[in-house]
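I opened this notebook to record, entry by entry, what I looked up in the structure and what I found there. The entries follow the order in which I worked.

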Amino acid sequence: MKRFLILCALISISVFSFSQNKYTISGRINDEAGEDLIGATIYIENLKTGSVTNVYGFYSITLPKGIYQVVYSYMGYELQTKEITLNKNLSLNVILTETTKTIEEVVVTAERKNENVVKTEMSTTKLLAREIKRIPALMGEVDIIKAIQLLPGIQATGEGFSGFNVRGGSPDQNLILFDEATVYNASHLMGFFSVFNNDAIKDVKLYKGDIPAQYGGRLSSLLDIRMKEGNQKKLQATGGLGTVSSRLTLEGPIIEDKWSVLVSGRRTYVDLMLLLSSEDAVKSNKLYFYDLNLKTNYKISDKDRIFVSGYLGRDVFKFGDMFGFDWGNNTLTTRWNHLFTEKLFSNFSFIYTRYDYKMESGTDASGFMWTSNLEDYKLKADFNYYPNPDNTIKFGLEAIHHHFNPGFARGTGDSTAAYNSLKMPESNALEYAVYLSNEHKLTKKLTVNYGLRGSLFLNMGEATVYNFDDSYQKIDSTTYSSWDIFNTFYGLEPRLSLNYSLNQKSSIKASYSRTKQYVHLASNSTAGSPLDVWLPSSPNIDPQVANQAAIGYFRNFFNNEYETSVEVYYKDMNNQIDFKDHAELMLNPELEGEFRVGDAWSYGAEFFIRKQQGKLTGWISYTLSKAERKIPEINSGKVYSSSFDRPHNIAIVGSYDLGKRWIISATWVYATGSPVTFPTGRYEQGNMIVPIYSDRNSYRMPDYHRMDLSITLKGKDKPNKRLKSELNVSIYNLYNRHNAWMIYFGQDEDDPTVTTAETVYVFPFIPSLTWNFYF
C-alpha cells in the first residue's frame, strides 16, 4: 500500500505541476476503410511535441491557447497538416489516405520512422499482417506464430511447431491475447499450424520484457493480437485456395460509417481427399481443422462505441470407428469504449475463454471417452488519462473466474463394467488485479514509464485438495464446498522503463519488471500437446515469480532506413515447475505430487537489424543466451540446462520486389540443438534390458538449420478491375535438411545386446501452391 501511495503521489505531482487553463484536441485517426490506426502520430510543429493514438485509434493532447500546425502521420499514408486555432476544447477525427504506392509494393509500418528510437518501450516488436504475409510458410499457411519465431530472443519449441519460448521461459509463460481474450492452446494439427487466420488480423505486438502494467498473469511474454474492425465504407473480400486449406474473409458496412461486420473462415480439406479412396476404411477417417472469426462494431455516438468479437476453432481426428480425438478454443470479447471527457478515455470488457478436448477409443462393445476443459470469465475496466503532453496515465482493474476440469474418463461400450470411471479433481479460482502507470517526459531527452500492478489469487471451492508430506507422498485429502475460499496469494509487480535520447537517431533504454503467474501447464513435452493440463496455484503449488532487467542501445542509419538494436537481459525465476523422473501426468488425480519446484535463470544478448523501406525489406537477428535450472529433487540437486536453452539462434528474413508483379522472399534459420537426456548405459534384469540415463539435459540434439523460399506473382493490374489476385509458390526446407525431430533408442534386430539410435525427422523438401484473391 505504501508503494502504491508513493506512486499516486508521484503521478499527482507530475500532473498538477503542469500549468492550468489549457485546451484539449482529441479524436480518432482512421484509414479510408474506417479501421482504427494504432500508433498514428500527432505532432505539434510549434512546440516540437506530440502524442500517439491508443489501440482504439484515440488521441488526446492538451496545449496552451494559440494557433498550431498539427501534423497527422502514419507510415505508408499521406501526411495531413492542419492549422488549428485552439481557444476551446476541440474534437477532430482524421482520415488518412494511403500513399500512391500500393501496400503490396512496400511493406509499411504503423510507426514513424524513428519510433524504435524515441519510444520508451524496449524488448518489443510489432508486425503487421501484410508483413507476415510475405514470409515463406509451411504448406502455404501464413502463420503469425512462426513469424515471431524469427525475432531475437524467440525460439521455436520444435521442428515445424507453432509454440515458442521467450528468453529461456517455457511455453506456458507466454500470455497470448486475441482481441484481449486468452488463448490457452494456439495450435492446430498437433502444433504444426497456429489458430490465427492472417486475413482477419490487423496488428501483432510481442513484448519479451517491459510488459505494461495493465497486463499480467504470465512470466515471459505478452503476444497481443488484434483483429480487423471491418470495412465501414464498402464490401471487401479476401481469400485464398492453398495446398491444405482454403479461406475467405468478408467485411463491410451494415450502416456506412456507423456499423460494420467481419466474418472470416478457414478449413483444411485433407479429409475430403480421403473420400476419393476406394476403401471404406480410409473413407471413414477424418482429419481437418477449421477457424471462424466474427467481429462487429457499432458507433453509438462520438463518445460511445461497442465491439463484439469471437473465435471458434477446432481440430478433428477420427480413424474409423476405433479412435477419435478433437480439441479447440472458443472466445468471446465484448467491449464498450466511452469518452468521459476529452482527456479521459475508457474501455469496459467482458471476456469469455474456453479450451477443451475429447478423446474416444474402442468399439460399441468396449470403448472409453476422456474429456477435459478450462474456462475463464473476465471483467475488465481500462482508463487512459491525458492530462498534458508530458504525461499519459493508464489505470484499471480486472477480475477473472477460472474453472479447471483437468480430466474425466469413463467407459462408453456395452461392457462398461470392465472400466472404472476416473475423475481428476475439478477446481475454481478467482484472480483480481489493479494497476496504475504513467509515461512521463521528464526532459526533452529523458522519458520514464513507471507503474505498479497488484494481484490477488484465491483458491475457491468446489474443490478437492490432496495433502502431501515432504517426500511427496499423499497423506490425505480435503474437500471444500462451493464458493469456499481456502487459500490466498497476492503480490506487487512493479514495472519501470526509461529512454534517454542521445539524438534523433540513437538512444539508450533500460527496463525492469516483476511478473507473477498463478496458472501452470502440466506438460513434460517442450512443444506441448492438445492433452496438456492446466492447473491453478494451490496450497501445493506456489505462484511463479520472475524479475527481469534489460538495457539496450538503439541506433538508426541512412535516414532511418535501417533500424539496429542491441539488448542484454537477465531474468531470475522462482518457484519454477519441473517434474520428477518418469512422472505420471495423464489422468493422475494426485498430479500435484509429481511436481518439483526450484529456481531458474536466463541471460543473453540480442542483436537486431531491420529494414522496412524500399524494394528490399527484412531483418537479421542473432541471440546469444543461456538458460539454466536448479531443483533440489532433480539431477541430484545440481544445476542443469533448461529444456529451452539454445545458446545460438540466428534468423535472416528478406523480401525483394522484382518490379511491379514479382516478389521473392526467403528465410534462413539456425539454432543450437535442444538439451536432451539420453541413455548412457544399460543392465539386464531377468529377460529385460533396463537403460541407465545421463544427468538431466546433459546431451543435445543436432544443431538445426533450414532455408525457406517463396515467389509471388501478382495478377495484371487493369483499370476498373475489382478482382485482384496473386499466385504464391512456397518451398519449406529448400535444401532438404534432415533436422532431427526425435532420436529413438532400441535394440538391434540381429543382436539384442546392441543398442541402436535412430533419428526421426518430419519435414523434408515441401513445395506448396496458393492462389490469393481480394476485391
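**A loop proline**

I began with Pro152, which I located in the loop between α4 (144–148) and β10 (154–156). The model is a predicted one, and I kept that in mind for every entry below. Is Pro152 buried or exposed? I found a relative accessibility of 4%, so Pro152 counts as buried, the cut-off for that class being under 20%. I then looked for what surrounds Pro152 and, setting aside its neighbours within four places in sequence, noted contacts with Lys208, Glu606, Phe607, Phe608, Ser621 and Thr623. I also noted Tyr622, which is 470 residues from Pro152 in sequence, although the two C-alpha atoms are 6.0 Å apart in space.

**Domains**

I next looked up the domain assignment, which divides the chain into domain 1 (2–74 + 76–111), domain 2 (124–225) and domain 3 (226–774). For domain 2 and domain 3 I took the centres over C-alpha atoms and found them separated by 6 Å. I recorded 72 residues from domain 2 and 118 residues from domain 3 in the contact between them.

**Confidence**

I checked how far the coordinates can be trusted, and found that the pLDDT averages 87 over the chain, with 91% of the residues scoring at least 70. Among the elements, strand β33 (residues 506–517) has the highest mean pLDDT, at 97, and helix α1 (residues 2–16) the lowest, at 60. I marked residues 101–111 separately, since the pLDDT is below 50 there, and yet this stretch has 36 contacts in the model beyond near neighbours in sequence. I leave the details of such places alone, because predicted coordinates should not be read in detail where pLDDT is low.

**Salt bridges**

How many salt bridges does a search of the whole structure find? I noted 43, and followed up three of them.

In one, Lys295 pairs with Asp179, and the closest N and O atoms are 3.1 Å apart. I placed Lys295 in strand β21 (residues 286–301) and Asp179 in the loop between β12 (174–178) and β13 (181–182), so that this pair links distant parts of the chain, 116 residues apart. Lys295 is buried at 2% relative accessibility, and Asp179 is buried with a relative accessible area of 2%.

In another, Glu590 pairs with Lys474, with 3.3 Å between the closest N and O atoms. Because Glu590 lies in the loop between β37 (562–579) and β38 (595–611) while Lys474 is in strand β31 (residues 474–480), the pair ties together parts that are 116 residues apart in sequence. Glu590 is partly exposed at 29%, and Lys474 is partly exposed at 41%.

The remaining entry is Asp708 with Arg706, whose closest N and O atoms are 2.8 Å apart. I recorded Asp708 as buried at 3% relative accessibility and Arg706 as buried with a relative accessible area of 11%. I then noted one network, joined by salt bridges that share partners, whose members include Asp179, Lys295, Glu35, Arg335 and Asp382.

**A nonpolar patch**

Last, I looked at the surface, where Leu241, Leu616, Tyr656, Leu658, Trp662, Ile711, Leu727, Val729, Leu769 and Trp771 make a nonpolar patch of about 880 Å². The elements that give two or more residues to the patch are β41 (648–658), β48 (724–732) and β51 (766–774). I singled out Leu727, which is found in strand β48 and is partly exposed, with a relative accessible area of 37%.

Methods. Residues are numbered from 1 along each chain as its sequence is written. This is a predicted model: local features need pLDDT of at least 70, side-chain atom pairs count only at pLDDT 80 or more; totals for chains, interfaces and linings use all residues. Side-chain values use heavy atoms; hydrogens and water are left out. Patches are made of residues with over 30% relative accessible area and no salt bridge: like charges are joined within 9 Å, nonpolar side chains (Val, Leu, Ile, Met, Phe, Trp, Tyr) within 5 Å. Accessible areas come from the Shrake-Rupley method with a 1.4 Å probe; for residues, only the protein chains shown count as cover. A salt bridge is a side-chain nitrogen of Lys or Arg within 4 Å of a carboxyl oxygen of Asp or Glu. Helices (H or I, at least four residues) and strands (E, at least two) are DSSP runs, numbered from the N terminus. Buried means under 20% relative accessible area, exposed over 50%, partly exposed in between (1.4 Å probe, protein chains only). pLDDT is the predictor's confidence in each residue, from 0 to 100. Contact means heavy atoms within 4.5 Å. Domain bounds come from an automatic or database domain assignment.
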